[in-house]
Amino acid sequence: MLTERRAVAALRVFLVVLFGVLVVLQTMSLPGQFAHMAKESPEQAYLRWPATAVAVFLVLCVQVVIVSTWKLLTRVRQDSIFSEESLRWVDVIVWAIGAAWLVLLGVFLYVGFTAGDPGLPLLLFLLVVGVSVLGLLMVVMRALLRQATTLRTDMEAVI
């Protein structure tokens with residue numbers, strides 16, 4: 001289908017752009033931002049490296065999802081999406097989202113117990129809920145892919 005090909009091509013362009021921006025964010029912007037924050041607030045300078053590590057890890061989780069999505073798009077283009085190999089890439093996405101969720105939950109709990117202002121804990125709670133929804137959605141999508149793969153395999157065996 002022409003529309004499917006265009007959508008896959010456009011998605012790939014945006015995935016490349018997103019990945020590139022995340023690399024810049026991961027290597028320059030986040031470390032620089034946390035260094036600046038440490039200089040501006042010396043009483044919280046001890047958080048510089050843990051915050052940098054957490055932020056870089058979360059960006060890495062997004063990058064893993066991008067690479068896995070790229071691999072799945074390749075399988076769509078090759079008309080081989082309904083396979084065990086595709087399920088492995090979806091598993092990688094689920095695990096990356098799960099790892100990000102655990103780290104976000106830890107940050108939310110830490111900030112929630114130490115914050116004097118409810119703004120940041122509320123924002124972190126929103127992120128935890130959003131990542132929870134995304135992770136659960138991927139689990140459901142994985143189940144649908146498994147069912148479709150089984151159905152296609154059964155249909156091919158009959159034919």
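Helices (H or I, at least four residues) and strands (E, at least two) are DSSP runs, numbered from the N terminus. The structure is a predicted model, in which local features need pLDDT of at least 70 and side-chain atom pairs count only at pLDDT 80 or more, while totals for chains, interfaces and linings use all residues. Residues are numbered from 1 along each chain as its sequence is written, and side-chain values use heavy atoms, with hydrogens and water left out.

**View 1. The whole chain contains four helices and zero strands.** Along the sequence the elements follow the pattern α-α-α-α. The C-alpha atoms fill a box of roughly 70 × 30 × 20 Å along the principal axes. The radius of gyration is 20 Å, against a value near 15 Å for a compact globule of 159 residues; this radius is taken over C-alpha atoms, and the globule rule is 2.2 Å times the number of residues to the power 0.38. Among contacts (heavy atoms within 4.5 Å) with a separation of 6 or more, 70% join residues 24 or more positions apart.

**View 2. Arginine 12 lies in helix H1 (residues 2–40).** Arginine 12 is buried and has no salt bridge. Buried means under 20% relative accessible area, exposed over 50%, and partly exposed in between (1.4 Å probe, protein chains only). A salt bridge requires a side-chain nitrogen of Lys or Arg within 4 Å of a carboxyl oxygen of Asp or Glu. Glutamate 4, the nearest side chain of opposite charge, is 11 Å away from arginine 12. Leaving aside residues up to four places away in sequence, arginine 12 touches Trp70, Leu73, Thr74 and Arg77.

**View 3. Arginine 152 and aspartate 79 form a salt bridge.** Their closest N and O atoms are 3.4 Å apart. The pair links distant parts of the chain, 73 residues apart: arginine 152 belongs to helix H4 (residues 119–158), and aspartate 79 to the loop between helix H2 (48–77) and helix H3 (84–114). Arginine 152 is partly exposed at 28% relative accessibility, whereas aspartate 79 is exposed at 52%.

**View 4. Glutamate 84 and arginine 146 form a salt bridge, with the closest N and O atoms 3.3 Å apart.** This pair links helix H3, which holds glutamate 84, to helix H4, which holds arginine 146, across 62 residues. Glutamate 84 is partly exposed, with a relative accessible area of 44%, and arginine 146 is partly exposed at 32%.

**View 5. Aspartate 91 and arginine 142 meet through their side chains in a salt bridge (2.3 Å, N to O).** Aspartate 91 in helix H3 and arginine 142 in helix H4 are 51 residues apart. Aspartate 91 is partly exposed, with a relative accessible area of 24%.

Conventions
Lys, Arg positive; Asp, Glu negative; His and termini not counted.
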